[in-house]
Amino acid sequence: MAAKTPSLELTIRNAKAVKGEVQVIRCGAGLEMWISVNQGGTPMKKWVLRYSDAAGKRQKVRIGSYPELTLAKARASAEDLKEKAKAGINLAKERAKKQSSQVYSRTFESVAMAWLERKTPEWDDAHAKRQKERLSGNIIPAFGSVDINDLTMMHIDKALSVVIERGARETAQRICSILIKIFEYADLMGFLENPIIINRLTLYRREMPKPIAKRHLYKEMSENEISRLLQAIENSKGRWTLQTSVALRLAPYVMLRPVEICEAEWTEINLNDAEWYIPASRMKMSRDHIVPLPRQAVELFLEIRPFSGANKYVFPSPRNHNAPISTASLLQAIRRLGYASTKEEGNSFCTHGFRGMASTTLNQHPNFQYMKEDWIEFQLAHAQTDKTRASYNILTPRSYLAERRKMVQEYADYLDGLRNLNNPRFERTTEKLREG
């Protein structure tokens, strides 16, 4: 036995790591040498012990790295650990306890947060917030406290299955992509002992259930249907908090995404010039955007200014004035009016639908035929689809501003006319609108 030791030592010393593979050299008595290459191209040689615990169940535990831990020392350590296991000591828990006392923890959460901190400067605020929420809401509670090297595909599959089962397939795929990046970062930094999990995650993502085709957020509505919706919102405005009431009544006039409305800040609003300047960090397309405000929108801002004018947010949360209301507040208000945000026929509508309503009306209604598609798309803050044209037609936040100002005012007046259909006080206005 002693004669074989030098040969094994030489084999371990001369073993060459191959990127993307994990080589295993069995050293006897359950001791193994795992050899791999991390993403940075650095060869890694790690000692692993396979053993039976007090209940006879097969387990494995990492001992250390080579050459810091020689073969002789690794064998001695392995024997000590096996004796502890026979005595009923849980080696995994003992190792976790030892790691928790170290200055740097390599739990999945600590590595994930280190990756987030590294990547956040590259992202806008909204994207950074979404990435963190995907982890903190779905993954950290599931296995955040587990050492990253103890994680298996079973941990990951169990956590992602919960997301898939609630119908959020696209979110599950995005989370899986984040996990791949975190494990790649761990490998790059030398934290990951077995990078084969990166390949397995990549294959796993490929086999995940595909997202269900997105439904249209707006089902075309007749003028009578739009009228009933706007009347319901107006008649129920006293049922909600002032923040939700004003935000929901504002939504049809400004054609913005719900989150852009809810997170409005007073520093963005210029009521003298009737303009709303939204910085790129808050826009989906990461482009500064100016919204010309129709008279009706200005009146709504004036309605809420005495309540929140001293606050950062136009629509502060009732529970925390240092945060804005959530988009769920608007959606719940719509639902309470009897509109379901589902694919069902009938009264289906969600807050985002006001954008579809505006686009459909401005593109198709006879009253607005003179308006150009460019004005409508720019007001909706959509990206230009023609990449060649976009490279020459340079747009700024003030592009088409005069035309858009006229457009939003006419559209707001049109909506007011529909809201007041069958109301004798406004019969003349409605008739005028119908005649164009």
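On the face of helix H9 that is turned away from its buried side, the model, which is a predicted one, carries the exposed residues Arg206 and Glu207. The buried residues of H9 are Ile197, Ile198, Leu201 and Tyr204. These four cover an arc of only 120° around the axis, which puts them on the same side of H9. Behind such a pattern lies a general property of the fold element: an α-helix has 3.6 residues a turn, so residues three or four places apart point the same way. As for what this buried side meets, the buried residues of H9 pack against helix H7 (153-165) and helix H8 (169-188). The length of H9 can be checked as well, because twelve residues (196-207) at 1.5 Å a residue should span 16 Å, and the end C-alpha atoms are 17 Å apart, which agrees.

A second helix can be read in a similar manner. Helix H13, made up of the 14 residues 295-308, reaches 20 Å from its first C-alpha to its last, which is close to the 20 Å expected at 1.5 Å a residue. Its buried residues are Gln296, Ala297, Val298, Leu300, Phe301, Ile304 and Ser308. The partners against which the buried residues of H13 pack include two helices, H11 (242-254) and H18 (401-419), together with the strands S5 (269-270) and S6 (275-278).

Turning to the sheet, four strands form an open arrangement in the order S1-S2-S3-S4, with antiparallel pairing. Strand S1 (23-28) and strand S4 (58-65) stand at the edges, and because each has a single partner strand, one side of each is left without a neighbour in the sheet. On average, and with direction ignored, neighbouring strands of this sheet are turned by 30° against each other. The pairing between strand S3 (residues 43-52) and S4 is antiparallel and runs over seven bridges, and Trp47 stands opposite Gly64 in S4. Across S1, strand S2 (31-37), S3 and S4 lies helix H2 (residues 71-86), which runs at about 30° to S3.

There remain the cysteines. Cys27 has 5% relative accessibility and therefore counts as buried, and Cys176, at 0% relative accessibility, counts as buried too. If a disulfide is taken as a pair of cysteine sulfur atoms within 2.5 Å, the count for this model comes to zero disulfides.

Conventions. Residues numbered from 1 in each chain as written. Predicted model: local features only at pLDDT ≥ 70, side-chain atom pairs only at ≥ 80, totals over all residues. Heavy atoms only, no water. Buried < 20%, exposed > 50% of the residue type's maximum accessible area, 1.4 Å probe, protein only. Expected span 1.5 Å × (residues − 1). Arc of directions from axis to C-beta. Contact = heavy atoms within 4.5 Å. Pairing = 2+ DSSP bridges. Axes fitted to C-alpha atoms, helices over the stretch in contact; angles between N-to-C directions.
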